[in-house]
Amino acid sequence: MASSPLSPGAHRAASGTGAPAAPDVSATRWLAVGSLLGLIVLSLAWELWLSPLRPGGSWLALKALPLAFPLAGLLKHRMYTYRWVSLVVWLYFTEGVVRAWSDPAPGRWLALVEVALCLALFAACALHVRLRQKHARAAAAAATPAPSTP
C-alpha cells in the first residue's frame, strides 16, 4: 500500500474526516454547535414554559427532536451533516418568521431569537463547508509535487 503524501492532519481535512486544524474552521464549528444547541434549548423552553401555544405546554415542543440528530455529526466534523443542516435550518427559519409576524408579544420576541439563531447556524455551516474545502484543496496542492523541467 502506498503512503499518502499528505500529513495526517491534512489528510483528515482533505478527506472530510477527523478534526480540521485551522482555527477559522474550528470557530465555524463551534458557532454551528452553539447555535444548534441554542435552537434546541429555545424550542423546548418556548413551547413548554415561556410562551406555549396552550397553557401547561404543547406538543410543538417535539420540534426540538429533529435538531438533536445532527449534533453528533457536527461534533464529529462530518461534512455531510454540515451540508444537510444548512438546508433543514430553513424550516425553522420559516417557522420563526411566520410566528414573529403572527404571535403576540412574548412569542414574537422568541420567534425573532429563533430567526437569528437559524441565520447564525446557516452562516456557520455554509462557511464551515467552504473553509474546509478551501483547506483541503490547499493541502492537496501542497502535497502534489511540482513538475520537473528538463
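Leu50 sits in helix H2, which covers residues 23-50. Keep in mind that this is a predicted model. Is Leu50 buried or exposed? With a relative accessibility of 52%, Leu50 counts as exposed, because the cut-off for exposed is over 50%. Leu50 also helps make a nonpolar patch on the surface, about 420 Å² in area, together with Leu44, Leu48 and Trp49.

Now over to helix H4, which spans residues 79-102. Two of its residues are worth a look here: Ser86 lies in this helix, and so does Trp90. Here is how accessible they are, with Leu50 alongside.

| Residue | Relative accessibility | Class |
|---|---|---|
| Leu50 | 52% | exposed |
| Ser86 | 11% | buried |
| Trp90 | 32% | partly exposed |

Ser86 counts as buried because its 11% falls under the 20% cut-off. Which residues does Ser86 touch, if you skip those up to four places away in sequence? They are Phe122 and Cys125.

Trp90, at 32%, counts as partly exposed. Leaving out neighbours within four places in sequence, Trp90 is in contact with Leu119 and Phe122. So Phe122 turns up twice: Ser86 touches Phe122, and Trp90 contacts Phe122 too. There's also a link inside helix H4 to spot: the Trp90 side chain reaches the backbone oxygen of Ser86 at 3.2 Å.

One last distance to check in the viewer: Trp90 and Leu121 are 31 residues apart along the chain, and their C-alpha atoms are separated by 9.9 Å.

Technical notes
Residues are numbered from 1 along each chain as its sequence is written. This is a predicted model: local features need pLDDT of at least 70, side-chain atom pairs count only at pLDDT 80 or more; totals for chains, interfaces and linings use all residues. Side-chain values use heavy atoms; hydrogens and water are left out. Patches are made of residues with over 30% relative accessible area and no salt bridge: like charges are joined within 9 Å, nonpolar side chains (Val, Leu, Ile, Met, Phe, Trp, Tyr) within 5 Å. Accessible areas come from the Shrake-Rupley method with a 1.4 Å probe; for residues, only the protein chains shown count as cover. A salt bridge is a side-chain nitrogen of Lys or Arg within 4 Å of a carboxyl oxygen of Asp or Glu. Helices (H or I, at least four residues) and strands (E, at least two) are DSSP runs, numbered from the N terminus. Buried means under 20% relative accessible area, exposed over 50%, partly exposed in between (1.4 Å probe, protein chains only). Contact means heavy atoms within 4.5 Å. A polar contact is a pair of N or O atoms within 3.5 Å; within protein, one must be able to donate a hydrogen and the other to accept it, and residues adjacent in sequence count only if both atoms are side-chain atoms.
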